Amino acid sequence: MDVTVESSSNPGKKSVLHVAPGSLASRKAYEVQPNVWGHCDVLAKGAGLSLIQLDVTYNVDRKFLLVPPAYDAFDVTLEARYTGRNRSHINIKSCARWKLTRMSPTSGAAVLQITIPTGYMNYRPALDTYVKEGSVPRLRMAKVLPRTAVFMFDHLINNWTCINFLIQRWYPVANSTRYLLAKVYEYNFPENYKATVWENYDLYVLNICEVCGSYQCPYCPYFSAATSIAANALLVLAVALLCRTVVEAFQ
């Protein structure tokens with residue numbers, strides 16, 4: 001079976017998805033890019049039965065705009081503490097717990113996913129040591145990727161389980177996104193989730209001059225400015241008279 005997909009927002013850009021007996025279990029995907037609006041035309045040719053689904057993702061900047069889950073399965077909180085002259089270190093503490101105890105006393109394998117500011121990373125061996133120490137119960141894996149920190153648990157219980165980790169600025173980035181996402185969900189049942197928005201105001205108002213942190217940074221008065229010295233009229237007159245006296249003496 002050949003499935004042709006074309007979006008009205010990108011006319012002429014067609015994608016043909018081929019479904020063969022050897023790839024029946026493989027998912028085929030088509031991204032509506034670069035313009036995202038309108039409708040999609042789908043034309044299937046061949047024999048058999050196929051299922052077409054549309055997935056939509058968008059960003060929001062307020063908690064009340066988040067789509068709530070069908071069941072109130074989790075709770076999640078996040079607190080960020082900024083240190084360093086130019087906010088070069090961020091200590092993040094996030095806690096999560098399982099709430100749907102009428103269905104199960106604990107969750108299944110759970111994932112805590114935190115969006116982090118651009119330009120910040122973590123030293124991987126430090127996270128590996130953090131997991132091996134066993135200071136956080138049921139934590140089995142921790143990883144900081146560009147823009148995302150991921151923590152995986154065997155399961156979560158009704159009591160709060162908290163993680164605490166440090167990220168550091170590796171690349172000079174300023175005016176970061178103000179609102180970021182923190183989400184906890186079941187690995188095998190992702191429809192059981194809880195998401196919240198945390199505010200990154202300190203980096204949102206930070207300008208590139210403070211990030212650069214050097215007098216060599218151009219157009220940055222925060223570091224490269226200097227106080228001008230105002231000339232004293234009497235001092236200038238005295239120097240002029242002295243110079244004239246010296247010149248007349250040599251003549």
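Two strands are paired if DSSP finds at least two bridges between them; strands (E, at least two residues) and helices (H or I, at least four) are DSSP runs, numbered from the N terminus. The model is predicted: local features need pLDDT of at least 70, side-chain atom pairs count only at pLDDT 80 or more, and totals for chains, interfaces and linings use all residues. Residues are numbered from 1 along each chain as its sequence is written, and side-chain values use heavy atoms, without hydrogens and water.

**Exercise 1. Find the bridge partner of Tyr 82 in strand 5, and place the pair in its sheet.**

Step 1. Tyr 82 has Ile 90 as its bridge partner in strand 5.

Step 2. Strand 4 and strand 5 (residues 89-98) are antiparallel and share 10 bridges.

Step 3. Both belong to an open sheet of 4 strands, ordered 4-5-10-7 with antiparallel pairing. Strand 4 (74-83) and strand 7 (120-121) each have a single partner strand, so one side of each lacks a neighbour in the sheet.

**Exercise 2. Describe the sheet that contains strand 2 (14-18) and strand 3 (40-45).**

Step 1. The order of this open sheet of 3 strands is 2-1-3, and the pairing is antiparallel. Strands 2 and 3 are the edges; each has a single partner strand, so one side of each is left without a neighbour in the sheet.

Step 2. From one strand to the next, the twist averages 20 degrees (axes are lines fitted to C-alpha atoms, for helices over the stretch in contact; angles run from 0 to 180 degrees between N-to-C directions).

Step 3. Strand 1 (residues 2-7) is joined to strand 2 by 5 bridges, and Val 3 lies opposite Leu 17 in strand 2.

**Exercise 3. Which residues touch the most other members of the largest nonpolar core?**

Step 1. A nonpolar core is a set of buried (under 20% relative accessible area, 1.4 Å probe, protein chains only) Ala, Val, Leu, Ile, Met, Phe, Trp, Tyr and Cys residues joined through side-chain atoms within 4.5 Å.

Step 2. The largest such core has 37 residues, and Ile 114, Phe 151, Ile 163 and Phe 165 touch the most other members. Elements giving two or more residues to this core include strand 6 (110-115), helix 1 (124-133) and strand 9 (148-153).

Step 3. Leaving out residues up to four places away in sequence, Phe 151 touches residues including Leu 112, Leu 127, Met 141 and Ile 163 (contact: heavy atoms within 4.5 Å).

Step 4. Another core, of 6 residues, lies apart from the largest one and has Met 1, Val 3, Leu 17 and Tyr 30 among its members.

Methods:
Buried < 20%, exposed > 50% of the residue type's maximum accessible area, 1.4 Å probe, protein only.
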